[in-house]
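Colleague: I've got a model open and I'd like a close look at one part of it. Could you walk me through how the helices pack?

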Amino acid sequence: MPPYSLVYTLHLLAALIWVGGMFFAWMVLRPAAGTLQAPERLTLWLDVFRRFFVWVWMAVVLLPVSGIGLLHMGFSGFDGAPRYVQVMMGLYLAMLALFLRIQALQLPSMRRAVEGQDWPAAGAVLGRIRRLVAFNLLLGLAVVALAAARPSL
């Protein structure tokens, strides 16, 4: 496999894991978990976040590393990159900021509320996380659409 193909494949897989995981969580897991009682539902979500965020961290690291590699192999650096690639980079930064907000600010609050069995507080935090994930999912889908369409912006 040529180096460009390997780097592109890793880049694509990282994006699919992150965006696909959010799609699954929002469209499949969220409605299914809604049938559970608060203690089970909130405990389930904490476990889901713990497991999924390991994969997101891998994607968060791999995407810029592979992306910079692709920039240099395919476009001779940042200056040669088409506008849509620059937009994708900006959307990645926005997605990263939302993920870090969830990871650093929301998740610890939810964990404390669940450990203290304060189900209303934990549910309120989960609601905030849900809104951030929804927005991040929309950004991720926009990035995927840009990558697929490759428009001349």
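In which crossing, left-handed or right-handed, does H1 pass H2?

Modeller: Keep in mind that this is a predicted model. H1 passes H2 in a left-handed crossing. Let me start with that pair and then work outwards.

H1 covers residues 3-33 and H2 covers residues 38-75, and their axes come within 8 Å while crossing at roughly 155 degrees. Angles over 145 degrees count as roughly antiparallel, so H1 is roughly antiparallel to H2. As for who sits in that contact, by class there are 25 nonpolar residues, five polar ones and two charged ones.

H1 has another partner in H4, which spans residues 119-149. The axes of H1 and H4 come within 9 Å, and the crossing angle is roughly 130 degrees. That makes H1 oblique to H4. The crossing of H1 and H4 is left-handed. If you want to pick out the side chains on your screen, H1 brings Trp18, Val19, Met22, Phe23, Trp26 and Arg30 to this contact. On the other side, H4 supplies Arg130, Val133, Ala134, Asn136, Leu137, Gly140, Leu141 and Val144. Sorted by class, the residues of the H1 and H4 contact come out as ten nonpolar, two polar and two charged.

Now for H2 and its packing with H3. Those two helices pack at an angle of about 160 degrees, and their axes are 11 Å apart. H2 and H3 are therefore roughly antiparallel to each other. Their crossing is left-handed. The residues in the contact of H2 with H3 split into 23 nonpolar, two polar and one charged.

It's worth looking at the helices one by one as well, since a couple of them bend. H2 has a kink of about 30 degrees, centred on Phe53. Just past the end of H2, Ser76 takes a positive phi of about 60 degrees.

H3 runs over residues 83-115, which is 33 residues. From first C-alpha to last, H3 reaches 47 Å, close to the 48 Å expected at 1.5 Å a residue. H3 also has a kink, of about 40 degrees, at Gln106, and that spot lies shortly before the proline Pro108. After H3 comes Gln117, with a positive phi near 55 degrees.

H4 has 31 residues and reaches 44 Å between its first and last C-alpha, close to the 45 Å expected at 1.5 Å a residue. Just after H4, Arg150 has a positive phi of about 50 degrees.

Zooming out to put those pairs in context, the secondary structure of the chain comes to four helices and zero strands. Read along the sequence, that gives the pattern α-α-α-α. The C-alpha trace of the chain spans about 55 × 30 × 25 Å along its principal axes.

So, back to where you came in: H1 passes H2 left-handed, with the two helices roughly antiparallel, and H1 also crosses H4 left-handed, but obliquely.

How values were computed
Residues are numbered from 1 along each chain as its sequence is written. This is a predicted model: local features need pLDDT of at least 70, side-chain atom pairs count only at pLDDT 80 or more; totals for chains, interfaces and linings use all residues. Side-chain values use heavy atoms; hydrogens and water are left out. The expected span of a helix is 1.5 Å times one less than its number of residues. The bend at a residue is the angle between axes fitted to the seven residues ending there and the seven starting there. Axes are lines fitted to C-alpha atoms, for helices over the stretch in contact, and angles run from 0 to 180 degrees between N-to-C directions. Angles under 35 degrees count as roughly parallel, over 145 as roughly antiparallel, 65 to 115 as roughly perpendicular and the rest as oblique. A crossing is left-handed if the near helix is turned anticlockwise from the far one by less than a right angle, and right-handed if clockwise. Ala, Val, Leu, Ile, Met, Phe, Trp, Tyr, Cys and Pro count as nonpolar, Asp, Glu, Lys and Arg as charged, and the others, Gly among them, as polar. Contact means heavy atoms within 4.5 Å.
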